[in-house]
Amino acid sequence: MDFVQLILDQIKSHSEAQELSWLKELCAFLTQNICPLLCGSGPPAAGDAPTGSVSQLGVGVVKWLQEVMAVKHTLPVSYRLVSISELVARQRVACVSNLSWSTSQQRAWAREAEQVLPGLRALPRVNLLLIGCLREGRGGEWRLTDASGSVRCECLSPSPIWVNRPLFLSHWNYIPQDATGQDGEEERGYVELIGSPVLLDSGPEQGLADSPGGGPGLRRVVGVKDAAACLHNSNKGLRISVCGCVSSVCPQLVIGGTTFFIFILKDDTLTLPVLVKDSSRLWWHQCVCVGQRVCVTALRVCILRGWRENRILCVTNQSEIHKHADEHTQESTQNTSTCEQALNTHTYTQESTQNTPTQEHTLNTHTQETTQNPHTDTLLLLSHDGEDLEEAEPQRHVVQSTVRIKQSRVIGYQGIVTEVLSEGSGLYMIDGKVGLCLAYQPTLRRKLRPGDAVELHHIHFLYGPCPDSPPSMLCACLRSSLRVTAFSRVTGPSDASHPSDKALPRLLLERNMGVAEYLWICHMTRQLRQSLVPTLLKEECVSVLAWKLIEFVWRGRGGGMRRDIYSEMLDEPHTCPLTQYSINPSVSRCLSLSDCLHSLQSDLWSGLSLSSLLPPGAESLTTAQLNAALSWSYQTLSSDPHQDHPPSGGKDRQRPLVLVGVLAFPSQPSEHTLQLQLKDQKGTMSCVVTETREEEAGLQNTPFNTAWIGCLVCVQKFTMVTERFLQSGFPSYKHLKQEKYITHKHHSVYLQFSLDDVHILIPSDAMVTILQETKREESRAAGSDRKRKREEEGELDSSHSTKDSSHITKDFPNLSSSDTVQSGCSSQTCVSMVIRVEQKEGVARRNIGMDSTNKAGFSLCFSAKATAIGPVVSWERDPKNCRLMEREVATEAEREKVVLLFLRSSIRWFPSLHPGCIYRLVAVNTQDLHVLIGSGIAGRSGVDILNDRNLQVRSDWRFHTLPRLLLLPAYKQSRSPRILSISEVIDCSPAELVCFHGLVTERISLNDKTSSAGKTHTGVRLTLNDQSGRSLQVYLDIGHTSYTPGMLPGNILLLSGFQRKLSKSGSVYCRSLPVSSITVISLGDTCLALPPPAPIIHLGSWEPRYNVGQVKAHVACFLSLQLQWSCSQCGSVYTQSCSSSCGSSSSVFQSKAKLVVDDGTGEAHVLFSNLLVRPLLRLAESQWEGLQRLLRVRGHIRVYTRGRSLVCEPSDDDALLQYLVCVCSSDIVCRPISLTCRIYKNSQHTHDLRRFSRGDRDFMTRMNPPLQLTCLHLDTESESVSGGGAG
Ligand SMILES: [Zn+2]
Ligand SMILES: [Zn+2]
């Protein structure tokens, strides 16, 4: 009560009851929370008796209030004084308090804040008042302290004279922090002090803030130049006081437990670093601002060992810092201006408004806002536009793949943080346009929030260091200064932080990563988080995974130099890891699978020109040919756009792609999705997968190992395939633009890749076994001779092996339990049997009768014949693909045949079971051996009555590939079934079923099987070649079997269970049966050379089994030439309309020529048609078109041979006919030619009987009809050379 009266006396006013009680509370608060502080651990500032000080403090508060509120006699009774402990304990929401605001001011303030950052809310206002002392805390932090506790206090531009004095805070934010931080010690929140606080004691501030030279400490102050001179001729014990302009404030570092920072003073020409290591002076870090003049006293000279033993000024525990007030600036104008030239500041309009209301009324203003510096106007302003920031960038769309090294520019920048991209990795957006990377600096104590105004000095400006981050990047090194000039007025989304991002700056430091790499890895972390976390990966692992990925993708590009922190901070001229950066426009781009799928599907049909799907010369196709040609088409895109021929894609297809996903079986196998899949948590893509195998098997490819299932992999080299299926009724080529003729369309999009190009990021359990075994084998082989080592290579390419893979799976528990097959507790009891698959049927719809679901009828299934290598054995725990045991193996005689039947979901095993391979078949959760013994009712001791055991594979059974590596030495030589080459298939004696492999050179849809069910194009004719160039046609009926993707030209297929047949002409072909299956075993390179040319065959020795051959012969004579406009539908002659009046209104020009060629060993009749006729006649394009025009009226013309001369019908007087006769008999046409032909009709089996008459006698003689060939290709290239020479 005494205090209240004392205060009232002092301020000479009378108050109402309400105000009196407020004053009472104020006094109580001061007594309880502030006075103990002042008299207790006495700071030098206040030595008065408690009584006096309470009234003194109270008077200070009330006097100030009266000035601020501008209305006398009114106290802010709606405001409540809050103690620090109460604030920290109870304030859970970020808030702002400003005593001087009116409601409308506050609304305007909030509106303005929300306009700048749309989507974010302004801080809510609270009516709380804070009083406390600012004291230094740990590591240079400032703490607002009262008797109840303390809270970290962030200040914009603090003055040293605030320290240890009672302060009244009139404008502040309180930001609570997530207490979830794993540091434990993490604070619940912090106070942001805006403007200057009110000093409540009238203590010795005058003395401290005295003019330079006035105070005792400032008596012998020297400039930067003199101080620099002192450095070199100093005697011990010398203490120097220096005045200068701050040009850099390096971030606070902790090295070997010592916290320190360095700031640099600057003169006209010289720089002078000052080291602050004394823990009682670390709080200076907040006071020292770039561009301000400061005086520092009692500095001593010391040697900085880390900086090449250079001498440096060091702050002592007697040192004091003085900031110059406004009036001093004039004295040192020239200094300030030179100093400011380094700062290219950009004025932000809202910048200074925040401080004004309080500042005008502050009693003790010692703050000088750097932003109000008069020199600002003359400085180079940086705009927000990228154009201004970047020198012209013409190369951007020209050519890629050249890595350029660029120099960064060092600039100053002011702006507003608009987005926190990643707290942990130190990435922010400024002004919505410019990226800010703080990863090369230690983590900030106060997290930047959207809305913070920041001032950056000596910051590196980089343009386009990483295509996945904003093109304009500001990157801070240890020399850069970052200062928050205005605290954000909004509350940010608090969930933007991902704990695992914190690992990234550590990686940056450890690996000396370049900035481009770092930005890419940050982007990858974001991307992987979206596509894998949480279903496939734990959040903690994502940045480690991104790191593994970059190691793989950026192979060979190591980190930069080791960082030297002292040189980075102090050396002139400045060098740091950010001085240079590389620009690589073809950095791999990681796509999520859903994005990949979407981009492939988006322009699949829209904007498709159907004519582009057709072969050249499509104009002359009849209706049937045209629609058949359209019925299937495909397109491939390589993951690396530069490998496509021609290079594909526009701007967004400039960079090679990388995919990350888990290899898995389809969850719902069907006839369309029987392939393996690559999936992430948002998308799934089917895959055609191949793998290289050991050489000795004679075939370079091996089936898929089941251990791949469940592996998280990165695929760097792959092909994206689109197959289009179209049912149409286009009458002719001219109608292609009319969509109404398309009756049905669908497509299939999938990936093709080889497992050799796949990198395992996280192996499956089974893969871990293989990797460990490989490693063991390798180390064993290292000791023994080289030959054995070579033997044991293969199976799993060493590039797959990941170091310490077992510990990796421990790190990623989520993954190993995530996927389909590998999941399950390994302690389950189970039974198993080792089998070798001998034969596998294709998946087809078959009538398998009733099943457990009582659904009779057709269902997808396949069966496989296998040999049981040994007996059924039981296990305590799932053996998976562990090494083969002796007890699992029986003698050769005891081995039995097993037929495995796969139904419904079990058909998912189809892609991974292959003849010749050994598998462990595991039935889990059972000890009953009979489960695997099968339906052939077993007799005693496992002897079956039936020859073959039948086993229906249950959905929970698992197959584990046992590669040679895991077999017993005696079983390592597993024999594969005999696989024939194309030549062998052609030459072999008639065999019922063949198994062969060949390169696809052509694929044609056969759409003559039109059914009403809506599916027409069920026939496919593949032409397969082998190395020798010989080819074989294979007819597939894909109506009843599952569709095999990857039957594309360039790929090598393995076809098993195909029927070898002879055509009427005697040539060999193959056709599919329901048991046939097709496997893609090798993927064609998109830039693969053409298939080997067909063998050269002499006409005299052409046998029927030579399907296709090259002939070099001479044109002996023409037999016939026919040119005709045909009805596109029925093929009749077409003049004005169809001659058979079928109603069609479209016609195509068709040509046919038959001639005799002779190569010296024999002769043949060769048929040329359409596209081949014009080059045969050597007519120019214009001549050919002229011919077509001339024939429009009469429709057709035919020239044929009679005797030795060419004649024509209908009349010999026709000029056109004469012309053609001339052409056909000219030397230009009758010339040596080189052509590729297919046999057309067999001549051996059908001998013509001919009657000859000589005199009155008739002779019957058996004539061999001539060899009939169809020309497939006419080699015009070699001709044009020789032709040119002749002409
Ligand atoms: Zn730097
Ligand atoms: Zn017709």
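## Zinc sites

In this predicted model, the donor residues of the zinc ion (ligand 2) follow the sequence spacing C-x2-C-x7-C-x3-C. The donor atoms are the SG atoms of Cys1127, Cys1130, Cys1138 and Cys1142, which coordinate the zinc ion (ligand 2) at 2.2 to 2.3 Å. The angles among these 4 donor atoms run from 101 to 121°, and the site of the zinc ion (ligand 2) is tetrahedral. For reference, the ideal angle for four tetrahedral donors at a metal is 109.5 degrees. Two of the donor residues can be described by their accessibility: Cys1138 counts as buried, because its relative accessibility is 5%, whereas Cys1142, at 36% relative accessibility, counts as partly exposed.

The zinc ion (ligand 1) is held by two kinds of donor atom, namely NE2 of His460 and His574 and SG of Cys477 and Cys576, at 1.9 to 2.2 Å. With angles of 96 to 117° among its 4 donor atoms, the site of the zinc ion (ligand 1) is likewise tetrahedral, and its donor residues are spaced H-x16-C-x96-H-x1-C in sequence. Within this site, His460 and Cys576 link distant parts of the chain, since His460 belongs to strand β23 (residues 453-463) and Cys576 to the loop between α16 (565-570) and β27 (580-583), 116 residues apart. Both His460 and Cys576 are buried.

## Disulfide and other cysteines

The count of disulfides comes to 1. This disulfide joins Cys243 to Cys295, with an S to S distance of 2.0 Å. The torsion about the S-S bond of Cys243 and Cys295 is about -55°, and the disulfide is therefore left-handed. Because Cys243 lies in strand β12 (residues 240-249) and Cys295 in strand β16 (residues 293-304), the pair ties together parts that are 52 residues apart in sequence. Cys243 counts as buried at 10% relative accessibility, and Cys295 counts as buried at 2%.

What keeps the sulfur of Cys590 from forming a bond with the closest cysteine sulfur? The closest cysteine sulfur, in Cys714, is 7.1 Å away, which is too far for a bond; a disulfide requires the two sulfur atoms to lie within 2.5 Å. Cys590 counts as buried, with a relative accessibility of 6%, and Cys995 also counts as buried, at 18%.

## Aromatic pairs and a cluster

The count of aromatic pairs comes to 18. In one of them, Phe725 and Tyr1043 are edge-to-face, with 5.4 Å from centre to centre and 85° between the planes. This pair links distant parts of the chain, with Phe725 in strand β35 (residues 719-728) and Tyr1043 in the loop between β48 (1031-1037) and β49 (1052-1062), 318 residues apart. Phe725 counts as buried at 15% relative accessibility, and Tyr1043 is buried with a relative accessible area of 14%.

Phe996 and Phe1058 form another edge-to-face aromatic pair, for which the centres are 6.2 Å apart and the planes are at 80°. Here too the pair links distant parts of the chain, Phe996 being in strand β46 (residues 993-1006) and Phe1058 in strand β49, 62 residues apart. Both Phe996 and Phe1058 are buried. Elsewhere, one aromatic cluster is formed by Phe665, Phe862, Phe902, Trp909, Phe910, Tyr919 and Phe959.

## Helix α15

Helix α15 (residues 542-553) has 12 residues, which at 1.5 Å a residue should span 16 Å, and the end C-alpha atoms are 16 Å apart, so the expected and modelled spans agree. The helix is mostly covered, with 10 of its 12 residues buried. Among the buried residues of α15 are Val542, Leu545, Trp547, Leu549, Ile550, Phe552 and Val553, and the buried set also includes Ser543 and Lys548.

## Surroundings of Ser425

Ser425 is placed in the loop between β20 (409-422) and β21 (427-430). Is this loop residue buried or exposed? Ser425 counts as buried, because its relative accessibility is 2%. When neighbours within four places in sequence are left aside, Ser425 is in contact with Ala439, Asp501, Leu504, Pro505, Tyr518 and Cys522.

Methods:
Residues are numbered from 1 along each chain as its sequence is written. Chains are lettered from A and ligands numbered from 1 in the order in which they are written. This is a predicted model: local features need pLDDT of at least 70, side-chain atom pairs count only at pLDDT 80 or more; totals for chains, interfaces and linings use all residues. Side-chain values use heavy atoms; hydrogens and water are left out. Helices (H or I, at least four residues) and strands (E, at least two) are DSSP runs, numbered from the N terminus. Buried means under 20% relative accessible area, exposed over 50%, partly exposed in between (1.4 Å probe, protein chains only). Contact means heavy atoms within 4.5 Å. Donors are N, O and S atoms within 2.8 Å of the metal (3.2 Å for Na, K and Ca); water is not among the atoms, so sites may look incomplete. Four donors count as tetrahedral if all angles lie between 85 and 135 degrees; four count as square planar and six as octahedral if opposite donors are over 155 degrees apart and all others between 65 and 115; anything else is irregular. The expected span of a helix is 1.5 Å times one less than its number of residues. Rings of Phe, Tyr and Trp (its six-membered ring) pair if their centres lie within 6.5 Å; planes under 30 degrees apart count as stacked, over 60 as edge-to-face and the rest as tilted.
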